[in-house]
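Here are some short exercises to work through with the structure open beside you. Try each one yourself before reading the solution.

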Amino acid sequence: MADNRKKKKKQKREPVRIPSLKWPLTGFLAVAALVWYLAFNRHVMLLEQEQNQMFRFATDYFYGFIGRPGGLTQYAANFLVQFFCFPIIGGLIATGLLLAIALLFGKILKQFEVNPALRDFLAVIPSLLLMQSGRELNIVAHEIALICAMGGFLLFTTLMASRLRWWLLAPFIVVLYLTAAGNTLITAVLIALYAFRCRQSRWYAGAVACVVTPFLFHRIFLTTPMRNIYLALTPFVELTPLLSWKAVWIAVAALPAPVAIIPKLKTGPLAGCVFGVILLCGVAVWDIFSYSRNAELLNRMVFRATAADWQGVLNAGKRLDNSPYKCFYTNLALQQTGQMPDSMFHYDQIGTEGLIPRNGNYYVSYILSEFYYRLGMVNEIHHYTMDAIVSIDALKEASARCFVRLKECAMLWPNYDLVTKYESLMSSTLFYRNRVQRPEIQPVITENFLLGRHEEMLEQVLKACPTHKMAFEYLMAYYMIKLDYENAKKCFDTYYAGMNYPQLPIHYAEFLTLYGHLNKLGADFFAQYSVPRAVREQFGIMDQLITRFRRAATEENFKLLESRFGKTYWFNVIFPLTDTKTDYEAEENIY
């Protein structure tokens, strides 16, 4: 009986055994990453990355990477990114990088003897955080550098067991810095923590070497500022890095720290598993709530516009929250499909910014180059494309979309020397050798103007080409949205006859009705411009309702007006989404 009791006590004291979750969690990460990239972020994290570089098999292109920290890693990253033009291949590459980070971090945690149940969960945390950072510029280079830093730590622990360790330490640290760049600091922290845990004071020399090597490179070889020397290919050197990106960098160095600093720190398998599940769920929830559907849809509009898939632009815009960029691409798609004069105000308009955005950064410069490309204004195409190339330092090179646009611009001039130059550059690429065809756009050569005065540019285009329908429709829309009725009327009288519309577009009829009402013009005015009687009657009904609802401005009355007149130009005048300044003297008297 006594023996049986002892056996029962021993059985009760046996710890709970939890099977290894390494490969199930790795498989979960692989599936989640593929779905994340291909289903939810195909345009913003794959195609956009590919468009922001253009890898060339040329010696001058290679030499351009040698003189900067982490240049070789950036070169390797660009080689991989060029395949992102095929989303499936790009998704597999991006997923493979995340899996490599998870497996290496799992080995690092194993070196620190972290509880196996907790270790399997902690290993995938950096990769889950990086999934949210996929839209950052040069993220692939940062991931490769992080892989090199973690692999460098594992190689260091192996190197220290070799008899030649002190002879090999210096070249090892040099190679590590050339590949990991600023991420070498992560390796230094991990080496210092591991030396503290193992009570190996001599190993601190490796951590010191990781810190001193960038300084020596700065003094002897590189002229890069010290900040870039130490933080190259890290989120801390970028202008506006995502919080999740910073969290990855900190997590890799910080998660092993408690075990290293407190060697006796132990957790039971069940407690470690529970804590790991809570942490994993927290990071997954962060990823989900940080997801930007608008960024994906906006990039989808950009790529559809580049491919002249205008219906695809409109379809993507239907699910996108309103913004100047959405309005710009929606209006451009409407104009290219001949719907702008009849359907423009069926969509939310937010002022002249939705017609022609103000220049301010790389993306706006490229958007403006797209606008002027459709107009055929060669000088402006070239100006804004070059502005896009030089306006963002993070790219370090001309992107694929800019090279394509410059070649199209050279064809429009035409400048055959430039065409030959761009063809020679693009011939050293895999996927852009025969990408550019001659644009089917009539070029318009104009003088240089004060940049930013887009209405003046449109007027110059119409003076040079009075039948340019896109310039006419954009100039009319600009004046109508700005509530500059006199200039809109002048533009209409001057150029409308040469546009050969089969009938008066509905929004122009609405504008002329409002103009006649404000100026108290009679029936002869409406007959002169063939304004349909139904449009005038509809305006009269709206005018009566507005007068009646002034005394009872309720939400129900507003919804009634919106349901009946929400797609008219008049409704946009009365209830604009943004305040619009006007020079019209009697503006304060309308509605």
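**Exercise 1.** Find the loop that holds proline 414, and look at the peptide bond that joins tryptophan 413 and proline 414.

*Solution.* Step one: proline 414 sits in the loop between α23 (400-412) and α24 (416-426). Helices here are DSSP runs of H or I with at least four residues, strands are runs of E with at least two, and both are numbered from the N terminus. Step two: the bond between tryptophan 413 and proline 414 is cis, with omega about -5 degrees. Most peptide bonds are trans.

Before you go on, note that this is a predicted model, in which local features need pLDDT of at least 70 and side-chain atom pairs count only at pLDDT 80 or more, while totals for chains, interfaces and linings use all residues. Residues are numbered from 1 along each chain as its sequence is written, and side-chain values use heavy atoms, leaving out hydrogens and water.

**Exercise 2.** Work out where glutamate 113 lies and whether glutamate 113 is buried or exposed.

*Solution.* Begin with the position: glutamate 113 belongs to the loop between α6 (87-111) and α7 (116-122). Its phi is near 60 degrees, a positive value in a residue other than glycine. Most residues other than glycine have a negative phi. Next comes accessibility: buried means under 20% relative accessible area, exposed over 50%, and partly exposed in between (1.4 Å probe, protein chains only). Glutamate 113 has 60% relative accessibility, so it counts as exposed.

**Exercise 3.** Do the same for alanine 308: which loop holds it, and how accessible is it?

*Solution.* Alanine 308 is in the loop between α17 (293-306) and α18 (310-318). Phi of alanine 308 is also positive, near 60 degrees. With 38% relative accessibility, alanine 308 counts as partly exposed.

**Exercise 4.** Find the residues with the most contacts inside the largest nonpolar core.

*Solution.* A nonpolar core is a set of buried Ala, Val, Leu, Ile, Met, Phe, Trp, Tyr and Cys residues joined through side-chain atoms within 4.5 Å. The largest one has 84 residues, and Phe472 and Tyr569 have the most contacts inside it. Helix α26 (residues 469-481) gives the largest share of this core, 11 residues. Now look around phenylalanine 472: leaving aside neighbours within four places in sequence, its contacts (heavy atoms within 4.5 Å) include Leu462, Cys491, Phe492 and Tyr508.
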